[in-house]
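Here's a quick look at a model you have on screen. Grab a coffee and follow along.

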Amino acid sequence: MSEPGKTRFQIDLRRYLREQEEDRDLIRLICEIAEASKYIVNSIRTGDLGVAGTSNLYGEQQLALDVLADRILRKRLFHSGVVANIVSEETDDIIPVSPDCEGKFSVAYDPLDGSSLVDVNLAVGTIVSIYAGCNLFQSGRNQVAALYILYGPRTTLVYSTGRGVHEFAMNQLMEYTLVRENVRVAPSGSIYSPGGQRNLYSAGTESFVRQLEENGAKLRYSGGFVPDINQILMKGKGVFLYPHLQGQPEGKLRLLYELNPMAFLMEQAGGAASTGRVPILDLVPTKIDDRAPVFIGCREDVARAESLVAAQG
Ligand SMILES: O=P(O)(O)OC[C@H]1O[C@](O)(COP(=O)(O)O)[C@@H](O)[C@@H]1O
Ligand SMILES: [Mg+2]
Ligand SMILES: [Mg+2]
């Protein structure tokens with residue numbers, strides 16, 4: 001498996017994917033995204049924090065970094081030669097890259113999630129969802145891969161192709177080397193990340209959070225979806241929620257490129273992800289801007305949230 005004298009954890013991403021005998025074109029795609037992250041991390045560390053003077057489909061003011069990160073990733077995907085369609089949080093529609101679907105992948109991504117946190121120096125990330133073929137409106141269960149890159153004190157890449165969740169860290173040569181294989185989360189945890197406004201929580205959600213607090217759970221919420229989910233995966237415990245709110249029944253987070261990839265990773269790590277009523281991965285998107293409420297993390301915690309939401313709304 002590894003050369004004598006070389007520890008298992010000096011394996012870089014491409015070699016690991018090859019050892020896992022992943023599809024050659026999928027390896028190429030994942031490594032292109034990894035390459036793009038090198039430019040994105042540099043733009044975060046040194047780039048212009050100002051506004052781009054434009055807004056996206058959601059009416060959110062785009063930061064220069066949002067637009068720059070989107071351009072960096074899109075360019076790589078266009079030139080990869082293995083992509084059919086893409087959609088990004090920063091684009092108004094699906095962007096066709098290649099007319100033929102055969103042997104190609106379609107990619108939904110959030111180039112810089114939590115971008116408004118950069119100017120207060122908090123961690124942000126890139127989130128990517130990958131399907132085989134041309135169709136981006138598939139159930140999240142059909143993803144062939146999901147990954148995120150977390151730009152924190154360390155730059156880490158976490159991916160799954162449906163055979164476990166594996167973490168890589170960027171070294172001083174900007175290579176991603178293996179840090180953790182087969183990341184797993186416990187059935188129940190002791191941290192919680194309550195997104196959205198508490199005073200707008202439904203009765204079921206309020207009861208769920210109250211029970212967590214009464215059981216001594218510690219509040220951990222950064223406002224960045226990627227670091228908040230990464231914490232649960234790497235500590236192996238906890239639950240994140242951005243639930244249905246009074247006046248906002250669909251919550252905030254987007255299904256295609258925020259919830260589906262994270263739900264895929266969390267289920268692969270032995271956790272669960274639910275709208276509070278059904279698994280996130282069972283939803284079939286109809287629009288690129290579909291949103292859904294989410295409870296994601298340790299499976300027993302998510303199950304308890306579902307039973308309280310079923311009982312109390
Ligand atoms: O600021 P709020 O309402 O708590 O929402 C936080 C959530 O919104 C987000 O910042 C949305 O990210 P974007 O920057 O991609 O819009 C998530 O990262 C995070 O989980
Ligand atoms: Mg986002
Ligand atoms: Mg974003």
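Helix α2 (residues 24-46) runs for 23 residues and covers 34 Å from its first C-alpha to its last, close to the expected 33 Å; that expectation is 1.5 Å times one less than the number of residues. Helices here are DSSP runs of H or I with at least four residues, strands are E runs of at least two, and both are numbered from the N terminus. Among the buried residues of α2 are I27, L29, E32 and I40, buried being 20 or more other C-beta atoms within 10 Å of a residue's own, with C-beta atoms placed from the backbone.

This is a predicted model, where local features need pLDDT of at least 70 and side-chain atom pairs 80 or more, while totals for chains, interfaces and linings use all residues. Residues count from 1 along each chain as its sequence is written, and chains are lettered from A and ligands numbered from 1 in the order written.

The chain splits into two domains, with bounds from an automatic or database assignment:

| Domain | Residues | Share of the contact |
|---|---|---|
| domain 1 | 8-180 | 34 residues |
| domain 2 | 191-312 | 29 residues |

Contact means C-beta atoms, placed from the backbone, within 7 Å. On the domain 1 side, β6 gives the largest share, five residues.

And ligand 1? Its shell takes at least three residues from each of domain 1 and domain 2, including D110, S115, F225 and K252; a shell residue has its backbone-placed C-beta atom within 6 Å of the ligand.

Definitions and conventions
A residue is buried if 20 or more other C-beta atoms lie within 10 Å of its own, exposed if 12 or fewer, and partly exposed in between; C-beta atoms are placed from the backbone. Two residues are in contact if their C-beta atoms, placed from the backbone, lie within 7 Å.
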